[in-house]
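Biologist: Could you walk me through one part of this model in detail? I would like to look closely at the place where the protein meets the RNA, and then at what surrounds it.

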Amino acid sequence: MSEALRTELTRVASRLGADGIEFVLERPRGAGHGDLATNLAMVLAQRERANPRHTAERVLQELQLAPDLVARTEIAGPGFINFWLAQDQLAAAHREILEAGAAYGRSVWGAGRKINIEFVSANPTGPLHVGHGRGAALGDAISSLLEWTGHAVTREFYINDAGVQIDRVAASLWARVRQEAGYPAEVPEGGYHGEYLRENARRVLAEQGPELAELPESEGLRRCRELALRIQREEQDRDLADFGVRFDVLSSEQAVYDGGKVERALGMLAERGLTYEAEGALWLRTTQFGDDRDRVLRKGDGSFTYLVPDIAYHIDKHERGFDQAIDVWGADHHGYIPRMKAVLAALGYPPDFFAVELVQLVRVVRGGDEVKMSKRSGEFVTLRDLVEEVGVDAARYFFLMRRGDSHLVFDVELAKKQTDENPVFYVQMAHARLSGIFRTAECEPAAISGSLDLAALPAPDDTELLKKLVLFPEEVEKAARQHDPHRITVYLHELATAVHGWYHRTRTVGEAPDVERARLLLARSARIVLANALTLLGISAPDRM
RNA sequence: GCGCCCGUAGCUCAGCUGGAUAGAGCAACAGCCUUCUAAGCUGUGGGUCGCAGGUUCGAGUCCUGCCGGGCGCGCCA
């Protein structure tokens, strides 16, 4: 909607001898400053050491604006030029909502870009916790945002099935199996002590028969490793599926080793002179790329550090043809970013190939009290427990309510409340109320179509709601650019406020026929936008509550 | 000690590429139901944007230093 105006302002700028000057055309924060405002006159004046308000007058003289585009202009403050858009613009924008329907808000600016987004990637060593849940919600929503803006997105999960941690789970499960069968055994140092491993031990004994516990240690460990991996993976998949998150590709660390990709990666690094031997280990010169120390690739015992398969894995992503690989990581891994960037820069990949989105910790509280842990895991609140208590919609909304890199306080009492204090409820209620209007009117939303007659909508609430609706595509694009779904929750809350206010102060059913029709059109479009925004975040849009 | 992130109303947080008088929600207080969900709406009070400098026509936003909090700095992942 602002494109035509921006083009015209650019033309005026070059006519006034400032070709290519940078200026801002934005939506002013407060009302009273129009629909759009530009600082063009101020930046021009600065350059010419002129009075900005005089320059603004010259700009206005040069501006040629179609009357169906801008209704009114003014010079304000230190030299801003404010624009009020013509009603035709709003009516046209409204038509787009109805025409696009469930696709309203989608765009094509990312067309052709292949993006891989890797998230959750939890070690298969235990149940998923709330931190993983936040990562899942965030990764999934960023994926959707990128899809909505035309990117080709692959959601990917990396299974760390090759490291030391798996050995520890295997040993811990083996110990529990032995204990369950009545033998003396201890969970080893550095092992996993959660209650879930006792449950799993009982389960595998029932499935595999008591002979399992009789096996020699090496064979028992081998079997427990397989069983633990399978059980944890199944459980993670189930937890994620129940949370509405599905992955396109599951990659395995073990497969990276098995496919010879690790050796290849080492070869690529050595070729570029980036590795050296010292103190019995193989090192990578990451300091050349801004890291604060070099990193070990191959340990003294001949095995590789986690960095090696990870590098190989990211090379693989590049070779699969992705233009960008986004990783969603827990904030405690932030120190790892310079290392990975260093490596990928050394390999000559474009600087924006690799991006990391950090997810901060989640503190779960109930009322005022911190919820410390789950009985089952013994260490943390599980995603499953949380979702069972508050539901998928509330969990997702709460996880997305804050920017990923800020700490999140998750109040389970609040998430369960059926009042407007609960933001999820408040937003979903707006959708349900709009649906209620159509029930009362006894017609399907889709049956109301055609152009919106703004003259039939006298209330300020009508216009305010409409203006909020047509911002949606822009919000999606901004959120996608910044990999920041939380912007959508902020927008949703503002939109819901506009809907509730409109609903409260205006009537639809039973008004004069032209007013009723116009309001039904407005209600239909508001319902579309609310549903689209909620769907984008993986949250349902209920018709009644 | 070094590095990264954060510090905005009593609480939880917005604040886009530096723009106009710093905004929401909750909590507090005061109102609003013969009307499509009062499961809602309206109003009031509440701020040294951690502190001190700097850059700029203009700083919550950029730079420097300090204070406070979180995380990281492993031949763990």
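Which sugar or linking oxygen contact does the side chain of Thr-440 make with RNA strand B, and what is the distance?

Modeller: Happy to, and please keep in mind that this is a predicted model. In the side chain of Thr-440, an N or O atom is 2.5 Å from a sugar or linking oxygen of RNA strand B. The elements that give two or more residues to the surface near the strand are α2 (40-48), β4 (80-85), α16 (423-441) and α19 (486-505). Of these, α16 supplies the largest share of that surface, with nine residues.

Two further contacts are worth finding on your screen. Gln-165 places a polar side-chain atom 3.5 Å from a sugar or linking oxygen of RNA strand B. Glu-279, by contrast, uses a backbone N or O atom, which lies 2.8 Å from a base nitrogen of RNA strand B.

Now step back to the whole surface around the RNA. There are 59 residues around RNA strand B, and those that come nearest are Phe-80, Tyr-306, Asp-420, Arg-433 and Arg-507. Seen from the RNA side, sugar and phosphate make up 60% of the atoms of RNA strand B that come within 4 Å of the protein. Sorted by class, the surface near RNA strand B holds 24 polar, 18 nonpolar and 17 charged residues.

The domain layout helps to place all this. Chain A is divided into domain 1 (3-85), domain 2 (114-160 + 246-359), domain 3 (164-242) and domain 4 (420-536). Taken over C-alpha atoms, the centres of domain 1 and domain 2 are 46 Å apart.

From here, let us turn to the open space in the protein. The second largest pocket contains about 990 Å³ of space. It is lined by 30 residues, and Arg-27, Leu-471, Pro-473, Glu-474 and Glu-475 are the closest to its centre. The elements that give two or more residues to this lining are α1 (3-15), β1 (25-26), α4 (87-100), α18 (472-481) and α19. Helix α19 therefore deserves a second look, because it gives two or more residues to the surface near RNA strand B and also to the lining of this pocket, while the pocket itself lies between domain 1 (3-85) and domain 4 (420-536), since both give residues to its lining. By class, that lining has 13 charged, twelve nonpolar and five polar residues.

There is also enclosed space to look at. The structure holds one cavity of 30 Å³ or more, and the largest cavity has a volume of about 40 Å³. Its lining consists of Leu-269, Leu-274, Leu-284, Arg-285, Thr-286, Phe-289, Ala-342, Val-343 and Ala-346. Helix α12 (residues 337-346) provides the largest share of this lining, three residues. The classes here are seven nonpolar, one polar and one charged.

Last, a small detour to a sheet. Three strands, in the order β14-β13-β15, form an open sheet with mixed pairing. At its edges stand β14 (369-370) and β15 (408-411), each with a single partner strand, so one side of each has no neighbour in the sheet. Strand β13 (residues 362-366) runs parallel to β15, and four bridges join the two. To find your way along this pair, start at Arg-363, which stands opposite Val-409 in β15.

Note on methods: Residues are numbered from 1 along each chain as its sequence is written. Chains are lettered from A and ligands numbered from 1 in the order in which they are written. This is a predicted model: local features need pLDDT of at least 70, side-chain atom pairs count only at pLDDT 80 or more; totals for chains, interfaces and linings use all residues. Side-chain values use heavy atoms; hydrogens and water are left out. A residue is near a molecule or strand if one of its heavy atoms lies within 4 Å of it. A polar contact is a pair of N or O atoms within 3.5 Å; within protein, one must be able to donate a hydrogen and the other to accept it, and residues adjacent in sequence count only if both atoms are side-chain atoms. Ala, Val, Leu, Ile, Met, Phe, Trp, Tyr, Cys and Pro count as nonpolar, Asp, Glu, Lys and Arg as charged, and the others, Gly among them, as polar. On a 1 Å grid over the protein atoms alone, a cavity is a set of points where a 1.4 Å probe fits but cannot get out, and a pocket is an open set with protein on both sides within 12 Å along at least five of seven lines; lining residues have an atom within 4 Å of a point. Grid points are joined across faces, edges and corners, and a volume is the space filled by probe spheres set on the points. Domain bounds come from an automatic or database domain assignment. Two strands pair if DSSP finds at least two bridges between them.
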